[in-house]
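Here's a quick walk through one structure, from its core out to a couple of odd loop residues. Have a look at it first, then read on.

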Amino acid sequence: MTYQLFSGTGTTGTAAKPTRLIELTSGINRSVSTGSALILASVRATDAGHGVTVNNTTGEISLPAGYDYYVQASIEIDRNANTESFRIAFTDSGGTEITAADGGFDCVYEWHSSRTTNNVPNFTLSAVYVSKNPLSSIFLKCMSMTSGSVMTKETSIIIVQVAKS
Amino acid sequence: MSYSPIQGSNSPLFWAYNSSAQTGVQVGDTFEVDTPREITGHISGGVILDATSLVYGEMQTSGTVGELDKVQTNFLLNSQAEGRGFQVATNKADAYDCDDGTYAKSGTGNQFLRYNATQISPAPTMGSGVDQTRIFGFRVQS
């Protein structure tokens with residue numbers, strides 16, 4: 001097996017299998033609750049031909065075979081109340097969370113009762129899926145989230161797609 | 001100097017995480033990563049980089065004590081400080097996240113990389129536990 005560099009010319013490249021960066025965004029704020037998939041269906045990439053697609057209804061992220069993947073989500077949530085907590089993770093197509101043993105790393109925010117922090121800016125959390133033997137289909141899902149919360153349009157996913165042959 | 005993903009038989013990607021919770025972290029301690037993936041060099045507390053790499057580290061914390069831990073971190077590459085990061089851990093059981101991490105860039109391979117606590121406040125020992133430490137690396141060539 002040989003991993004290949006981006007070996008194209010200029011900014012578009014001509015390599016058969018370049019390493020690519022792919023960005024997924026939403027462009028709009030979306031209401032979310034427990035079980036919701038984060039839908040980030042606007043796709044930009046450093047190079048055409050990556051084959052990554054996102055279902056604009058379900059949020060399913062399809063990852064073509066033949067690559068290693070590093071998928072990092074940068075997530076901003078407007079919670080419906082200051083006292084709310086949430087957790088977000090990558091799941092397989094059946095909705096089962098991908099655990100650390102399989103390259104899935106969740107993100108958690110838990111409000112704590114003794115120090116109220118009103119009117120503070122949102123911060124971003126990151127969830128990661130990384131694999132040499134990636135699933136063909138993944139979701140970024142709210143494992144726990146109170147109704148009325150909102151995924152902001154600042155949320156994004158960056159995918160590093162590494163070619164191998 | 002410019003960097004591009006490394007070409008060769010190893011994936012450019014590697015990562016490692018800690019399989020169990022860690023408690024009582026003090027200033028100068030290392031956040032353990034006992035489960036390496038796609039990197040063979042591992043010894044207690046860190047990994048042996050096999051190529052020039054860019055690495056990002058973060059941790060997920062929890063705790064039961066009544067204080068708000070603030071933790072400054074960095075990487076150590078063969079004991080040389082590299083990168084800085086900041087973490088706030090909460091005071092409640094099953095608390096909080098990570099995500100504020102730090103980056104390191106190794107100049108060559110064969111460097112021992114550790115993710116380290118450099119400053120903890122208000123006490124010099126974290127009252128919060130560390131549920132999981134994670135590092136994500138990219139082998140590059142320059």
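## Inside the core

The largest nonpolar core runs to 72 residues, and Ala127(A), Val130(A) and Leu140(A) have the most contacts inside it. Strand β6 (residues 67-78) of chain A is the top contributor to this core, giving 7 residues. A nonpolar core here is a set of buried Ala, Val, Leu, Ile, Met, Phe, Trp, Tyr and Cys residues joined through C-beta atoms within 7 Å. In soluble globular proteins, nonpolar side chains tend to be buried together.

A word on the source: this is a predicted model, where local features need pLDDT of at least 70, side-chain atom pairs count only at pLDDT 80 or more, and totals for chains, interfaces and linings use all residues. Residues are numbered from 1 along each chain as its sequence is written, while chains are lettered from A and ligands numbered from 1 in the order in which they are written.

Back to Val130(A): what is it in contact with, leaving aside neighbours within four places in sequence? In chain A the list is Tyr69(A), Tyr70(A), Val71(A) and Gly103(A), and from chain B come Leu13(B), Trp15(B) and Phe136(B). Contact means that the C-beta atoms, placed from the backbone, lie within 7 Å.

Trp15(B) turns up again beside Gly137(B), which is also in contact with Phe14(B), Ser53(B), Leu54(B) and Val55(B), again not counting neighbours within four places in sequence. Gly137(B) sits in strand β11 (residues 128-141) of chain B. Its C-alpha atom is 19 Å from that of Phe86(B), 51 residues apart along the chain.

## A sheet in chain A

Five strands of chain A make an open sheet, ordered β4-β5-β11-β7-β9 with antiparallel pairing. Strands (E, at least two residues) are DSSP runs numbered from the N terminus, and two of them pair if DSSP finds at least two bridges between them. At the edges are β4 (53-54) and β9 (107-109), each pairing on one side only. Strand β7 (residues 86-91) runs antiparallel to β9(A) and is joined to it by 3 bridges. There, Ile88(A) faces Cys107(A).

## Burial and backbone in chain B

Burial goes by other C-beta atoms within 10 Å, placed from the backbone: buried at 20 or more, exposed at 12 or fewer, partly exposed in between.

| Residue | C-beta neighbours within 10 Å | Class |
|---|---|---|
| Glu38(B) | 18 | partly exposed |
| Ser79(B) | 9 | exposed |
| Gly137(B) | 27 | buried |

Glu38(B) isn't a glycine, yet its phi is positive, near 65 degrees; this residue is in the loop between β3 (35-37) and β4 (42-43) of chain B. Ser79(B), also not a glycine, has a positive phi of about 75 degrees and lies in the loop between β7 (69-77) and β8 (80-89) of chain B.

Technical notes: Helix = DSSP H or I, 4+ residues; strand = E, 2+ residues; numbered from the N terminus. Contact = placed C-beta atoms within 7 Å.
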